[in-house]
Amino acid sequence: MPKQKSLQISGHVKNNMIVLDERIELPDGIKVTIIITDEAVARSSGLCGIWQDERPVEEIIDDIVSSRSVG
């Protein structure tokens with residue numbers, strides 16, 4: 001069986017979808033393989049979107065409200 005040629009292109013994730021950095025023409029329905037490097041997975045701290053604070057919720061809310069300014 002002859003070895004298949006492969007094409008490597010880069011892209012990025014936006015809104016949980018993969019967006020290719022360059023325009024390519026591929027036929028509809030073609031199978032592709034996406035390889036996610038260990039480096040890309042390791043960058044996430046797991047704290048994204050999480051408020052990490054040991055204070056009680058009421059104290060955090062009071063701090064936020066008191067630091068706001070009009071306008």
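This is a short walk through one chain, starting with its overall layout and ending with its salt bridges.

Okay, hi everyone. Before anything else, please keep in mind that what you're looking at is a predicted model.

Let's begin with the layout. The chain has two helices and two strands, and if you start at the N terminus, the order is β-β-α-α. Now, how much of the chain is buried? Of its 71 residues, buried ones make up just 1%. The chain exposes about 7,800 Å², and 54% of that comes from carbon and sulfur atoms.

On to the strands. β1 covers residues 11-14 and β2 covers residues 17-20, and the two pair in the antiparallel sense through four bridges. If you'd like one pair to look for, take His12, whose bridge partner in β2 is Val19. Together β1 and β2 make a hairpin, with two residues between them. Have a look at Asn15 in that turn: its phi is positive, at about 55 degrees.

While we're on β2, find Ile18, which sits in that strand. Is Ile18 buried, partly exposed or exposed? Its relative accessibility is 48%, so Ile18 counts as partly exposed. Ile18 also belongs to a nonpolar patch on the surface, along with Val13, Leu20, Leu26, Ile30, Val32, Ile34 and Ile36. Taken together, the patch has about 790 Å² of accessible area.

Some of these names come back in the next bit, the pockets. The largest pocket has a volume of about 1,000 Å³. Its lining is made of 24 residues, and the ones nearest the centre are Ile9, Leu20, Thr33, Ile34 and Ile35. Which elements give two or more residues to that lining? Those are β1 and β2. The largest share, three residues, comes from β1.

Last topic: salt bridges. The count here is three. One of them joins the side chains of Arg23 and Glu25, at 3.3 Å from N to O, and both of those residues are exposed.

Then there's a little network that links Asp53, Arg55 and Asp63. Arg55 bridges to Asp53, with the closest N and O atoms 2.8 Å apart, and the side chain of Arg55 also meets that of Asp63, at 3.2 Å from N to O. And how accessible are these residues? Arg55 is partly exposed, with a relative accessible area of 27%. Asp53 is partly exposed too, at 28%, and Asp63 is partly exposed at 37%.

That's my tour, thanks for listening.

Terms used
Residues numbered from 1 in each chain as written. Predicted model: local features only at pLDDT ≥ 70, side-chain atom pairs only at ≥ 80, totals over all residues. Heavy atoms only, no water. Pairing = 2+ DSSP bridges. Patch = residues over 30% accessible without salt bridge, like charges linked within 9 Å, V, L, I, M, F, W, Y side chains within 5 Å. Areas by Shrake-Rupley, 256 points an atom, 1.4 Å probe, with all protein chains shown as cover. Salt bridge = Lys/Arg side-chain N within 4 Å of Asp/Glu carboxyl O. Buried < 20%, exposed > 50% of the residue type's maximum accessible area, 1.4 Å probe, protein only. 1 Å grid on protein atoms, 1.4 Å probe; cavity = no way out; pocket = protein on both sides within 12 Å on 5 of 7 lines; lining within 4 Å. Points joined across faces, edges and corners; volume = space filled by probe spheres on them.
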